[in-house]
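Q: Please give me a close look at a single part of this structure, with the cut-offs behind each term spelled out.

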Amino acid sequence: MSSDTGRRTAVFVIAGVIVAGAFAYLMLGGIEDNLEYFKTPAELTQLGPEAYGKTVRLGGQVAPGSVKWDAASLDLRFRVTDGAQEIEVHSKGAPPQMFRDGMGVVVIGRYGAGKVFESKELMIRHSEEYRAPKPGERPQEMYRSLIKGEKAS
Amino acid sequence: MTRAIGASALYVSLAATVAALFLVTFGARRRKEAWLNAGYAATYLQFGLMTAATFAMIFGLVAHDFSIEYVAQVGSRATPLYYTVISLWGALEGSILFWGWVLALLTALVVFWNRSRAGNLIPYTTATMLGVGIFFQFLLVAPAFPFGAVFPVPPDGPGPNPLLQNHWLMGIHPPLLYLGYVGMTVPFAFAMGAMASGEVGDGSWIRLSRRWTLGAWAFLTAAIIAGMWWSYEVLGWGGYWAWDPVENASFMPWLTATAFLHSVMVQERRGLLKLWNLNLVVATFALTILGTFLTRSGVLSSVHAFTEGLIGYYFLVAIAITLLASFVLVAGNSERLVSFGKLEGVASRGTVFLFNNLLLTAFTFTVLVGTLFPLFAEAIRGEKVSVGEPFFNRMTIPICAALLFLMGVGPALPWKEADRATLRRKLLPPLVGAVAGLLVSVFAGARSPYAVMAFAFAAFAAVANIGEFVEGARARMRMRGESAVDALGNLLATNRRRYGGYVAHLGVVAVAVAITASSTFRAEHEATLKKGESMTVGGLQVRLEEVWGREEPQRSVIGTTVAILRDGREIARLDPRMNFYPTSQQPVPTPAVRSRPSGDIYMNLQAFAQDGTNATLRVIVEPLVPWIWAGGMIICLGALISIAPFRRQAPAVVTEPEPALASPAPVAAT
């Protein structure tokens, strides 16, 4: 192997390291900026102003009696609770059909100085376990007036 | 009875596979033809037994034999026959069984087509595949045993996961993915076989496995596109890609396999990148196992995570063994992997392939880091965290744009250093195309720099690749006096590999344009409508006609009938629905889509009043979406053209002399 090839190899290796390093720097920087932490209402409250403006995944239950839904303006307000703390959530768009008190939810959004969590996306936390519907929870019963009218698509 | 047949077939199959592995390995080492042949016979036998086990399971599912644990878990008498059959891959055990069966099939085919080839390459390749087979068959008799007994036998079962029985694509996406994933085992096995037999230097393993790699790649492409389509048709959010870990898991091996398909040409032509190509093949295989770990272990919550069991950790062990074995073999072959020759110039196709590989590798690393970061963050810092979509978009969109650009440059450049005249002649039309694409997209209203760039580069690549067809066909017309149609046909027929590649490029362009257009020019509106009320979206009027419900054997359906009007005239009626399955608290959204080549009108029922007086609808107008699915099919068509039998009259791309082939097998023909 001539020294010329050796030098070329060295140049390639150095160039490769620089490119890989720059890429890794970009990537890790980019990842830190785009992390979405899972927080409970208590954790979010504890963070205080530090939490404002960052995209967070807020997890908890829908506080009983807190849901206010205005179908005309698609405006949804409710509180998420973890038993200790509650956070006021505001969301645009229809809630999931089976949305109700006590249900587990994950809300992606930002907490602001106005102490309102602006939701970007609202997800139901599924419990994978099969649970038989309670009386009155079966769709056939809930939507009896709709289902009795057999109408083909 | 079915249970007993299936269970014993699995046990005997594992024994046959272990026996085959020993017979093939030692038969090759001690040069005992009889042992080798016995090993190959045992390979066919394990395929027969796995087939018996798989068919026993399908029979059990169809016959609603709830004494079989798996059937009791995913079956139900009310489920329609189609979804009953495909629930074979509806849960963990069945999907591993199906995987094992596909692997056994491919192993038998590799043996069948190559067994008479001299040397130890084929025995060791077979041994590698058998080794992987032992892993899956071990899972099947231990942690993922599907034929467990249930007593007392329940009268009925819960049926498959509602999300998996709501759309016919569930019968398409998983088998395609398995064929792609398992198919990647074949090039990996050939690479390991080549290193173990010391035949890695002449690259014959690459020629023998070329069709397998392309085939597996085509299946993986189709699977990814079908998965996007499924997500679009079933999840009700109007999108098709969300950088979900499960999507990433299928995308990463696709990226490395795509890199390999390109870089392997540099090795075939110039004898370079031997070690790099081996790395790509090993990485692709390891990423398929990693993908299975991510999706099956329950470490990530998703519709694909069936159980939170320990099975995932077996996959981690498999990855470790794979990497260790590859490392040992590469180290043992270091002197055979020295590259000779060099690239023919800076402005040459080889350089483009190098950049292509650099970008695809960077792409893979980005996706890998973004996918695994939450796992490490939770393990190390104990924080639950997820990586937001903006990270992936910000990192990968520039890479995609650069790849689109290279896709136009590569075909235009010759292997030898291009002179100025060639460069001008080849690159001028694509540049004109790029400017046209830029102007059209800005005129159409695109403002995001990346969107405009994507349209421009897509036009650049499209013109460059079409230009290759035009130039080749013209040359034939001039020199042989063929008609334009004949010239194009013969061009494709005589150099299928090259022009198949260009067809695939055009498919990628279609996908890129469709994705960019559907996200850039998307119009979306959500509103609550009373019966007879309407809203306006993207110039269309959408009127709620009816809210209705009906009972089906396996589910209850609440639906709406919605009229779409353009300029006051009704152009379509859609029926977005919600399906309520007895096993799930949440309804499964069932959006309705009106598809035209120009784009889709996508409608999802978000909510409805219990008395049926009103419903909340989300309507999305997305241009060109069907071209994502069509583009995927074009890519697969390109791969198919490349795989189809090669005509010998064509000047082969391979410059090295072909080794004498002992077998007339079709796979060995290239």
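**The contact side of chain B and one of its helices**

A: In this predicted model, 41 residues of chain B are in contact with 34 residues of chain A, contact meaning that C-beta atoms placed from the backbone lie within 7 Å. The side of chain B that touches chain A has 17 nonpolar, 16 polar and eight charged residues, where Ala, Val, Leu, Ile, Met, Phe, Trp, Tyr, Cys and Pro count as nonpolar, Asp, Glu, Lys and Arg as charged, and the others, Gly among them, as polar. Local features need pLDDT of at least 70 and side-chain atom pairs pLDDT 80 or more, whereas totals for chains, interfaces and linings use all residues. Residues are numbered from 1 along each chain as its sequence is written, and chains are lettered from A and ligands numbered from 1 in the order in which they are written.

Strand β1 (residues 35-39) of chain A and strand β1 (residues 385-387) of chain B pair in the antiparallel sense over three bridges, pairing requiring at least two DSSP bridges; in one of these, A:Leu35 is partnered by B:Val387. Helices (H or I, at least four residues) and strands (E, at least two) are DSSP runs, numbered from the N terminus.

Within chain B, helix α12 (residues 311-332) has 22 residues, and its end C-alpha atoms are 32 Å apart, in agreement with the expected 32 Å, which is 1.5 Å times one less than the number of residues. Its buried residues (20 or more other C-beta atoms within 10 Å; exposed, 12 or fewer; partly exposed in between) include B:Tyr314, B:Phe315 and B:Ala318. Seen down the axis, the buried residues of α12(B) fall within an arc of 150°, so they line one face of the helix, the arc being taken over directions from the helix axis to the C-beta atoms. These buried residues pack against α5 (92-114), α6 (121-141) and α11 (274-296) of chain B, while the face turned away from them carries exposed residues, among them B:Leu324 and B:Phe327.

Notes. Two residues are in contact if their C-beta atoms, placed from the backbone, lie within 7 Å.
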